[in-house]
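Biologist: I am new to this structure. Please take one part of it and go through that part closely.

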Amino acid sequence: MPVQLIHQRFRSFITQLGEVSQLLMESIGSFRHQRPSWKDFLYQLQFIGVKSQSVVITTGAATGMVLCAQTFLQFHKVKMDTATGAVVSIGMSSELGPVLAALMLTGRVGASMTAELGTMKVTEQIDALRTLAAHPVDTLVVPRFLALLASAPLLTAESVVVGIVSSWWVGVNLLGIDSAYYLVNMTRYTDPPDVLTGLIKSFVFGAIIAVVSCHKGLTCQGGAEGVGKATTEAVVVASISILIVNFFLTLFLSRLFYS
Amino acid sequence: MIEVRDVTKSFGTQQVLRGVSLDIRRGEAVVIIGRSGGGKSILLKHLIGLLQPDSGIVRVDGEDITAMNERSLLRVRRKYGMLFQMAALFDSLTVEENVGFVLRRQGLESETEIRRRIDEALDMVELPGIGHKMPSELSGGMRKRVGLARAIVYRPEIVLYDEPTTGLDPIAADNIDRLIRRVWETLHVTSIAVTHDMKSARTISNRILMLHEGRIYSEGPTSEILESTDPVIYRFVNGISTPQKSQ
């Protein structure tokens, strides 16, 4: 790859990172200028929080069951069957629950946000908003941002609980693990910081999905093709950001809670 | 009221505006004419701060809006209403919510008063009783009229029109022209339109500016420009694609 192309891509990456950070700061700073609209916030909360439940519940249940089966198959070899519940509980609470729920939300909510804002951009609705003396960040970004900050941890908690209950059902009813041992080991080894880690991560992931998706929508160019491209980019960038940030959050939070 | 000085604007390697200067006085009805793709809409968007020039100055009531950030511009934009080429109605809101958007957002008046002003604006554009409809249920002409109602409901000082008759049949276009004229006469606004529709320009303006090759090529009273014998203006006004050979 020629050096010039690498230079161009690096510059584009830094520019976009700067724009996303600026949008984040503007969204936070928006509260000084305009009180968020409750109507818009509740509408977004319903769209993001209520309508995403089937997706995150299915993801949580499937992940919990598979993790239980895989862990049991390995632990059974060393006669540690009853530790399966602890592994599933910690894994779901601190890692798989928040990451998989966030990735599902990126696909369902982030893509929809980018497509909606992108369509508004290419049909001049965003410009119309600006001519009506309304700031697009106050009107469009902040309600979505707040709704994602509020609903991402709740949806993650729901996904984790469903995952753990599903794993218990599989472990006890299909794999023959003793229910009492399963639950005792699970509660003994799962600490509050594991749950807190997952909730903090989901909060950060919610912010990433909102800011990246809104940025891609607001900067969308061209017609239908531009909206499609922006939507794809939003899903890819948000998903990769979630995976990268998850690694650093894991290091940071584990040091914070366990050092 | 609006002063534009030496404004230039490029997109990539294409220079669209090459030093535009113009003045628009309070209460005027001005039309900017020029060829498609010649930068008329770009120029209009500079007048309200939707685009920032590469160089040059745009002053509104003495304030340089090119030096303002988006938040400061919101205050200046309260003076403006704008009708977009495709109306740009918010497609997730009803007609009534579209028209009342600014009034409800400002929250300065009671809901009864807001509804009264929405009805008044819809009456003015001759569309009473359609407040409950969604923009997708309206024809092109109706969408433009709702866009006009949205632009005037809060009584702006300046109304901008971006190609107001493009895409409409001759009768719908004439209807829009009459409404623009009526808005100018009854609300005493400063009216600025860009168009390449000469019939529309004749109806809605008392002064015409011609944008040609990125600059204001000529300006003057409507009748003077439309009857000009200058070859560039004559060819544009009469729709002649190639220079006529002398007999």
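Modeller: What follows is a close look at strand β7 of chain B and its surroundings. Keep in mind that this is a predicted model.

Start with the sheet. In chain B, 6 strands form an open sheet. Their order is β6-β7-β8-β3-β9-β10. The pairing is mixed. Two strands stand at the edges: β6(B), residues 80-83, and β10(B), residues 215-221. Each has a single partner strand, so one side of each is left without a neighbour in the sheet. On average, neighbouring strands of this sheet are turned by 15° against each other, direction ignored.

Now the strand itself. β7(B) covers residues 158-162. In the strand order, β7(B) sits between β6(B) and β8(B).

Take the β6(B) side. Here 4 bridges join β6(B) to β7(B), and the two strands run parallel. One position to find is Met82(B), which stands opposite Leu160(B) of β7(B).

Turn to the β8(B) side. β8(B) spans residues 190-195. It is joined to β7(B) by 5 bridges, and this pair runs parallel as well. Look for Tyr161(B): its bridge partner in β8(B) is Ala193(B).

How many residues of β7(B) are buried? The count is 5 of 5, and the strand is mostly covered. The cover lies on both faces. On one side, Ile158(B), Leu160(B) and Asp162(B) are buried. On the other side, Val159(B) and Tyr161(B) are buried too. Leu160(B) is thus a residue to find twice: it faces Met82(B) across the pairing, and it belongs to the buried set of three.

Which helices lie on this sheet? Helix α1(B), residues 40-47, lies across β3(B), β7(B), β8(B) and β9(B). It runs at about 155° to β8(B). Helix α7(B), residues 170-187, also packs on the sheet. It touches β3(B), β7(B) and β8(B). The direction of α7(B) makes about 160° with that of β8(B).

α7(B) has a further role in the layout. Together, β7(B), α7(B) and β8(B) make a right-handed β-α-β unit. Its two strands are the parallel pair with 5 bridges.

For a contrast, glance at chain A. It has 9 helices and 0 strands. Buried residues make up 46% of its 259 residues. Its C-alpha atoms fill a box of roughly 65 × 50 × 40 Å along the principal axes.

Note on methods
Residues numbered from 1 in each chain as written. Chains lettered and ligands numbered in written order. Predicted model: local features only at pLDDT ≥ 70, side-chain atom pairs only at ≥ 80, totals over all residues. Pairing = 2+ DSSP bridges. Axes fitted to C-alpha atoms, helices over the stretch in contact; angles between N-to-C directions. Contact = placed C-beta atoms within 7 Å. Buried ≥ 20, exposed ≤ 12 C-beta atoms within 10 Å, placed from the backbone. Right-handed = clockwise from strand over helix to strand, strands pointing away.
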